[in-house]
There are 2 protein chains.
Amino acid sequence: MPKALPLLDTTEPVCCAPLAAGVLDAADALAIALRLKALADPVRVQLMSMLLAEPDTGICTCDLAPAVELSEATVSHHLKQLREAGLVEGTRKGTNVYYRPQPEALDALCRVIDPRCR
Amino acid sequence: MPKALPLLDTTEPVCCAPLAAGVLDAADALAIALRLKALADPVRVQLMSMLLAEPDTGICTCDLAPAVELSEATVSHHLKQLREAGLVEGTRKGTNVYYRPQPEALDALCRVIDPRCR
DNA sequence: GTAATCTCTTGACGTACGTCGAACGTTGCG
DNA sequence: CGCAACGTTCGACGTACGTCAAGAGATTAC
């Protein structure tokens, strides 16, 4: 994507016409692609599935890192990607930061992709 | 993803437990991530939307390239990614190759991602 | 205030990705 | 056959990405 630097706000759920509703312009396509890219990594997919299993309490970085067998720095990086895509939200509790999933964002992404949706 | 080289077959629609059904293992997460990655590019999103608008006749490379303002070589590369993910299918008609969308693959991906699905 | 713990950021490294021009294959048509 | 049109592959280039160690912030406990 060496064209325009993505200075977009992707923290809100994606909001544009579905893929199957007609030909998308470049801006809408970018909005969708950026959110897909946030999830298009095996580690982040796995992290999302873990967080979706604890939607209320959330899970902290120090518990996620050993579960995916990566350094905390790397997991923090992945969580940042997910956060910037609005897919998760982190709240501090003492020294820990508990991450919770944002199902609405995932749901919005899903609806935009759905070939039956238009 | 510098761990294992993805020698997986991704041409079939993704088939594993949904994200929200429980914690995914690394293999399932990879299967999902590879398909998401195939679509996680603004050009490919746009191409998919164009193809979904002509699901029966399909569109050939030489018509897609000017529509996204890229070289035919680049568009061919993107179509290859989509083809390897099972999201499109190309059939030759004379010198042209007409690409048609594979809504089942997109639908399967959508169901796996859906936070309401489990 | 000091120490301990958790988290995030920075810098660096290797790899993967998007793009193009040029070369190569394929198909159809004089 | 020889040529033209379409498509893919190859090689090269710059950029983006995933990873970690090391350091910097933040918060709690003593």
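This is a short tour of a predicted model, going from one chain to its sheet, then to the contact between the chains and the DNA strands.

**Stop 1: chain A on its own**

Start by hiding everything except chain A. You should find five helices and three strands. If you walk along the sequence, the elements come in the pattern α-α-β-α-α-β-β-α. For setting up your view, the C-alpha trace of chain A spans about 45 × 30 × 25 Å along its principal axes.

**Stop 2: the sheet of chain A**

Now select the strands of chain A. In which order do the three strands sit in the open sheet? The order is β1-β3-β2, and the pairing is antiparallel. β1 (59-60) and β2 (88-93) of chain A are at the edges with a single partner strand each, so one side of each has no neighbour in the sheet.

Look next at the two pairings one by one. β2(A) and β3(A), the latter covering residues 96-101, run antiparallel and are joined by six bridges. Two pairs are handy to label here: A:V88 is opposite A:P101 of β3(A), and A:E89 is opposite A:R100 of β3(A). On the other pairing, β1(A) meets β3(A) over two bridges, again in the antiparallel sense. Label A:I59 there, and its bridge partner in β3(A) turns out to be A:Y99.

Before leaving the sheet, zoom in on the turn of the hairpin. The hairpin of β2(A) and β3(A) has two residues between its strands, and A:G94 takes a positive phi near 75°. Then add helix α4 of chain A, residues 72-84, to the selection. This helix lies across β2 and β3 of chain A and runs at about 120° to β2(A).

**Stop 3: two helices in chain B**

Switch to chain B and show residues 42-52 and 72-84, which are helices α2 and α4. Their axes come within 10 Å and cross at roughly 75°. That angle makes α2(B) roughly perpendicular to α4(B). To see what fills the contact, show side chains for B:V43, B:R44, B:L47 and B:M48 on α2(B), and for B:H78, B:Q81 and B:L82 on α4(B). Colour these residues by class and you get four nonpolar, two polar and one charged.

**Stop 4: where the chains meet**

Bring chain A back alongside chain B. How many residues does each chain put into the contact? Chain B gives 32 residues and chain A gives 32 residues. On the chain B side, α1 (26-39), α2 and α5 (103-113) each supply at least two residues. Of the elements of chain B, α1(B) gives the most, with eight residues. By class, the side of chain B that touches chain A has 24 nonpolar, three polar and five charged residues.

Now try superposing the copies. A turn of 180° with a shift of 0.0 Å along the axis lays chain B on chain A with an RMSD of 0.0 Å. The two copies are thus related as by a two-fold rotation axis. To locate that axis from chain B, select B:C110: its C-alpha is the nearest to the axis in chain B, at 2.8 Å. Both copies use the same surface, since 100% of the contact residues of chain B recur in chain A.

**Stop 5: DNA strand D**

Turn on DNA strand D and select the 29 residues around it. Which of them come nearest? They are A:T74, B:C60, B:C62, B:A73 and B:S76. Two or more residues each come from α4 of chain A and from α3 (61-68), α4 and β3 (96-101) of chain B. α4(B) gives the most to this surface, with six residues. Coloured by class, the surface near DNA strand D shows 12 nonpolar, 12 polar and five charged residues.

**Stop 6: DNA strand C**

Finish with DNA strand C, which has 30 residues around it. Label the nearest ones: A:C60, A:C62, A:A73, B:A73 and B:T74. Here α3 (61-68), α4 and β3 of chain A and α4 of chain B each supply at least two residues. The most come from α4(A), with six residues. The class colouring gives 12 nonpolar, 13 polar and five charged residues for the surface near DNA strand C.

Key
Residues numbered from 1 in each chain as written. Chains lettered and ligands numbered in written order. Predicted model: local features only at pLDDT ≥ 70, side-chain atom pairs only at ≥ 80, totals over all residues. Axes fitted to C-alpha atoms, helices over the stretch in contact; angles between N-to-C directions. Helix = DSSP H or I, 4+ residues; strand = E, 2+ residues; numbered from the N terminus. Parallel < 35°, antiparallel > 145°, perpendicular 65-115°, else oblique. Contact = placed C-beta atoms within 7 Å. Nonpolar A, V, L, I, M, F, W, Y, C, P; charged D, E, K, R; others polar. Least-squares fit on C-alpha atoms with pLDDT ≥ 70 in both. Pairing = 2+ DSSP bridges. Near = placed C-beta within 6 Å.
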